[in-house]
Amino acid sequence: MENVLKVPTMAELFAAGKQPEVLFWVGCAGSFDDRAKKITKAFVKILNKANVTFAVLGTEESCTGDPAKRAGNEFLFQMQAVTNIEVMNSYGIKKVVTACPHCFNTLKNEYPGLGGTYEVVHHTQFLKDLVSEGRITLEGGKYKGKRVTYHDPCYLGRANSIYEAPRDLIKKLDAELVEMKSCRKKGLCCGAGGAQMFKEAEKGDKEVNIERTEQALETKPEIIAAACPFCNTMITDGVKNKEKEASVGVMDIAELIASAQDL
């Protein structure tokens, strides 16, 4: 029974009179997208390994409202947000971690104005803290010397200035971090932000995700590391378009760490 994932819900813990260290906000992609579910599982395995007490909202979690807001439907956004805030406040949630920069940005920067104030951290920050507190150790055996390039998600990098945590984790895996020509503050969007994920492309010469994937492939990487489920999808599609999926992996930071630990 070793491989059974322990994922308690807030309702279960609350009924038992317990409060977790952190609420893990899974997000729509992490809940429903087959590829992103693997990121969710990898992160949960790390949380369990580090003995972090956490819970998810389960069926009580609904979309943060990011796509609605970005697409201009403020009314729908506020309805979705207030529903979530009522649930979170009823449980007395203090700290939230999420593997989705869109959820992260919305929960952190937009929920306080609607009555939902929490300490919100992205999973790369949380993982870095676990490493610095000695709750997980990173021996990069599997990734030692591997060429890894890191794509900055817009809502993590330019919107919230989180550049170092994911890079520190890659370096701690003893991988060789190679930067793309457009990185950090000059990072290029994967093409999915602002609810673009859910609509057809407009007329133009080239898809944004192809342009970004070309920049990544210029670094001759063995792995393109991402920290966002949308970015992961767009760059995976780009790598397939270039017929490089046999030689170049696209992995979330949590997956790199879980895989290095053989979780």
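The paragraphs below go through the nonpolar cores, the cysteines and the largest pocket of this structure, which is a predicted model.

The interior comes first. The largest nonpolar core holds 63 residues, and the residues with the most contacts inside it are Met88, Phe126, Leu127 and Ile257. Helix α11, which covers residues 253-260, gives the most to this core, with six residues. Apart from this core lies another, made up of nine residues, including Ala36, Ala192, Cys231 and Met234. To return to Ile257: leaving aside neighbours within four places in sequence, Ile257 is in contact with Ile46, Leu127, Ile136, Leu138, Leu169 and Leu173.

The cysteines come next. A disulfide is a covalent bond between the sulfur atoms of two cysteines. A search of the whole structure finds zero of them. Cys63 is in no disulfide, and the nearest cysteine sulfur, in Cys28, is 3.8 Å away; a pair would have to lie within 2.5 Å to count. Cys63 is buried, with a relative accessible area of 19%. What about Cys183? Its sulfur is 13 Å from the closest cysteine sulfur, that of Cys154, which is too far for a bond. Cys183 is also buried, at a relative accessible area of 17%.

Last is the largest pocket, which contains about 400 Å³ of space. Its lining consists of 20 residues, and Gly191, Ala201, Glu207, Val208 and Met234 lie nearest the centre. Two elements, α9 (208-218) and α10 (229-241), give two or more residues to this lining, and α9 gives the most, with three. By type, the lining residues divide into seven nonpolar, five polar and eight charged.

Technical notes: Residues numbered from 1 in each chain as written. Predicted model: local features only at pLDDT ≥ 70, side-chain atom pairs only at ≥ 80, totals over all residues. Heavy atoms only, no water. Core = buried A, V, L, I, M, F, W, Y, C linked by side-chain atoms within 4.5 Å. Buried < 20%, exposed > 50% of the residue type's maximum accessible area, 1.4 Å probe, protein only. Helix = DSSP H or I, 4+ residues; strand = E, 2+ residues; numbered from the N terminus. Contact = heavy atoms within 4.5 Å. 1 Å grid on protein atoms, 1.4 Å probe; cavity = no way out; pocket = protein on both sides within 12 Å on 5 of 7 lines; lining within 4 Å. Points joined across faces, edges and corners; volume = space filled by probe spheres on them. Nonpolar A, V, L, I, M, F, W, Y, C, P; charged D, E, K, R; others polar.
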